[in-house]
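Student: Could you take me slowly through one part of this protein, the surroundings of the positions that a database record singles out, and then show me what else is worth a look? I would like to see how each statement ties back to the model.

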Amino acid sequence: MPAMRVTIASNANQSIRAPLVIPAKNTSDPRNLIFHAAKSKLRLKKPIRIFLGGAGHELAFEADWKLHLRNDVTLLISAGEEYVGVREVHGENDDTHPECPMYILADKAYVDSLSRVQLENAARTLPGIVHAAGQPDLHPGTKFPIGAAFASYKWIHPLLIGGDIGCGMAWYRTKLSREQVDGDKGKRVAERLRGLEGVWRSRAEREAWLEDDVGHFSTGPVSDSALGTIGAGNHFAEIQVVEETASSEDGLGLKENEVVLLVHSGSRGYGSSVLKRFTSGKYTSFEESTYQAKEYLREHNKACRWAKANRDLIALRFLSCLEPGEPAWDLGRNVHETVHLEKDFLSAKSKLSERRVVDICHNNVERVKWPPNPPYSDLPRIREAQTSNNTALPPKAPTDLDSFLVPEASSSSIISEFRNLRIEPGPQDYVYIHRKGAAPTYNPATNNPFTIIPLPGSRATPTLILKPVFSEETNWGMLNALSLAHGAGRSMSRAKALSSLSQKYKGQNLLEPSKGSRNGEGTWVICDEKDLVYEEAPDAYKDVHAVAEDLVQEGVAKIVGWCRARVSYKVRNEGR
Ligand SMILES: Nc1nc2c(ncn2[C@@H]2O[C@H](COP(=O)(O)O)[C@@H](O)[C@H]2O)c(=O)[nH]1
Ligand SMILES: [Mn+2]
């Protein structure tokens with residue numbers, strides 16, 4: 001073989017890389033040469049394994065080099081650890097798209113190279129993926145990135161949704177006034193938040209909560225016992241004041257100065273048991289017609305319903321502390337001896353739905369029309385523009401909800417290219433949008449665009465109020481895979497945050513508004529797990545304003561207001 005020009009990179013930290021020329025005489029087995037270069041150029045102490053980037057094949061024998069060594073390949077050098085990235089599990093699968101279009105909607109927000117590699121690996125090696133959108137909060141996950149949405153034809157990939165199936169955020173109004181939560185008053189409110197840990201009520205009552213018009217969705221006594229609990233980690237429930245809102249813009253949304261509760265939680269143990277069940281065998285991706293795909297979707301849907309019911313119950317428990325006189329919230333209290341009747345459940349659920357402003361899932365899979373159609377509300381405008389251009393009218397506005405997202409003519413006439421990416425509409429007119437840490441732009445329950453969605457920064461930075469935007473420029477949401485950023489996204493790993501921030505803030509109390517902050521600033525934090533205080537510190541996250549500005553610049557969202565956190569609840573040690 002002639003000399004080859006390759007890139008070598010650290011497998012564990014793929015942003016550390018260097019070019020390398022392999023002389024012709026070494027191409028049949030260049031391992032020693034590469035290990036030598038890895039020590040000097042990548043500063044790896046003991047390199048012992050080499051993987052082919054983007055595919056994950058280990059290059060261990062002469063035959064491997066013959067098969068895979070090419071100009072411009074990336075070789076990932078490992079100190080013994082397994083390949084970091086998506087393995088090409090399906091080999092020469094006809095459904096993989098090595099040229100799959102990818103778009104990262106980030107300019108101001110920093111996106112590291114490992115998450116870019118993870119996005120590319122997923123998009124170009126998993127079968128059926130036709131479009132990948134990295135949101136500005138993109139950051140690395142274990143194998144797949146967080147802050148990303150993938151559209152796939154025919155294929156379901158549980159690993160692209162992760163273990164916290166159905167995790168999401170919901171905003172609820174409260175009757176508190178801003179005077180009751182601002183400044184030092186926040187401390188009193190924080191004191192009221194008790195009895196929120198541990199198992200909520202009896203098994204029968206939990207099962208009654210897990211029932212709606214469509215039926216039961218209990219996941220069994222063990223996983224149901226976590227119902228109504230936040231789950232620490234990255235989850236939280238937060239009391240916020242709406243500081244600014246363009247009320248005419250957000251329609252049903254929030255009002256200035258009102259106090260709201262933002263709940264972030266998911267399906268607790270159940271989602272991860274589902275993921276494990278479907279990914280511990282040989283295959284981790286399933287073609288839609290297979291039994292596994294159908295079973296996974298059934299379990300996924302149950303986990304999403306459970307997660308939503310969980311957010312509602314968390315809100316009920318919080319409201320029972322915040323508005324103690326309200327009989328409908330009584331059920332939220334953990335009083336074991338009280339037997340509640342069906343009417344109490346109905347009353348609590350109905351009152352709660354009046355308070356719920358929005359609820360979104362940011363870890364899920366959804367089957368949607370692809371290419372997307374313009375939202376119903378945009379059709380008159382398009383019709384007018386097309387009439388004035390003397391072009392054919394788009395289809396008439398449909399009469400029922402179900403059909404309006406599917407006008408007779410596919411919008412593929414409008415959509416085939418954007419930016420410099422070519423999108424093949426594919427053999428079907430729908431895709432599965434997989435989201436891991438990406439907010440949906442449409443409400444799956446109504447097929448209408450969400451009026452507003454939350455973009456939380458951290459416990460001490462604003463939560464921005466976003467409104468999804470659709471335009472021909474973005475091919476009605478194709479560019480962003482019908483998704484937006486779901487938060488600021490981590491700027492450092494948990495381990496790094498713990499080691500560096502515990503040093504930086506040594507001796508400081510991070511649970512109270514920082515000294516010197518003006519009245520009206522700062523958050524009272526309830527977090528009785530010491531490590532979590534640092535792992536979840538605001539410095540561990542990207543700048544939420546940069547994330548939102550990127551979305552605005554890409555033409556996929558508007559910022560219509562913001563909320564300030566006053567009390568942020570992570571976890572309380574009730575025994576203290
Ligand atoms: N308002 C708050 N926002 C927070 C807090 N902790 C994290 N965050 C933000 O939420 C998202 C959640 O992301 P996920 O991947 O864990 O679902 C994260 O990106 C942060 O920007 C908090 O305590 N309060
Ligand atoms: Mn989440």
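Tutor: Let us begin with aspartate 164, which is placed in the loop between strand E8 (155–156) and strand E9 (168–173); helices (H or I, at least four residues) and strands (E, at least two) are DSSP runs, numbered from the N terminus. Please keep in mind that this is a predicted model, in which local features need pLDDT of at least 70 and side-chain atom pairs count only at pLDDT 80 or more, while totals for chains, interfaces and linings use all residues. Residues are numbered from 1 along each chain as its sequence is written, chains are lettered from A and ligands numbered from 1 in the order in which they are written, and side-chain values use heavy atoms, with hydrogens and water left out.

The UniProt annotation "binding site", from an unreviewed entry, covers Asp164 and His235. These positions span 72 residues in sequence, yet no two of their C-alpha atoms are more than 10.8 Å apart, so they gather at one spot. UniProt positions are given in the numbering used here, with feature names shortened, and such annotations may be inferred rather than shown by experiment.

With a relative accessible area of 18%, aspartate 164 is buried, a word that means under 20% relative accessible area, whereas exposed means over 50% and partly exposed in between (1.4 Å probe, protein chains only). Leaving aside its neighbours within four places in sequence, aspartate 164 is in contact (heavy atoms within 4.5 Å) with His235, Gly266, Ser267, Arg268 and Asn363. The side chains of aspartate 164 and histidine 235 also make a polar contact of 2.8 Å. A polar contact is a pair of N or O atoms within 3.5 Å; within protein, one must be able to donate a hydrogen and the other to accept it, and residues adjacent in sequence count only if both atoms are side-chain atoms.

The partner, histidine 235, is found in the loop between helix H7 (221–224) and strand E12 (236–245), and at 8% relative accessibility histidine 235 counts as buried. Apart from neighbours within four places in sequence, histidine 235 is in contact with Asp164, Cys167, Ile230, His264, Ser265, Gly266 and Lys570. One of these, cysteine 167, is itself buried, with a relative accessible area of 3%.

Since a cysteine has come up, let us turn to disulfides (pairs of cysteine sulfur atoms within 2.5 Å), of which the structure holds 0. The sulfur of cysteine 321, for example, is 18 Å from the closest cysteine sulfur, in cysteine 527, which is too far for a bond. Cysteine 321 is buried, at a relative accessible area of 12%.

The record marks another position as well: UniProt places the feature "active site", again in an unreviewed entry, at His486. Histidine 486 lies in the loop between strand E25 (483–485) and helix H14 (494–504), and at 14% relative accessibility this histidine 486 counts as buried. Not counting neighbours within four places in sequence, the residues in contact with histidine 486 include Asp137, Met169, His362 and Leu455. With Asp137 there is also a side-chain polar contact, since histidine 486 and aspartate 137 come to 2.6 Å in this way.

In the sequence before histidine 486 there are two residues whose backbone deserves attention. Asparagine 475 has a positive phi of about 50° although it is not a glycine, and leucine 482 likewise has a positive phi of about 50° without being a glycine. Asparagine 475 is in the loop between strand E24 (461–468) and E25, and leucine 482 lies in the loop between E24 and E25 too. Asparagine 475 is buried at 2% relative accessibility, and leucine 482 is buried with a relative accessible area of 5%.

One further backbone detail is the peptide bond from tryptophan 370 to proline 371, which is cis, with omega near 0°; proline 371 lies in the loop between strand E16 (363–369) and helix H12 (379–388).

Finally, consider serine 568 in strand E27 (residues 557–571), a residue that is buried with a relative accessible area of 1%. A polar contact of 2.7 Å joins the side chains of serine 568 and glutamate 238. Not counting residues up to four places away in sequence, serine 568 touches several residues, among them Ala237, Glu238, Arg459 and Trp524.
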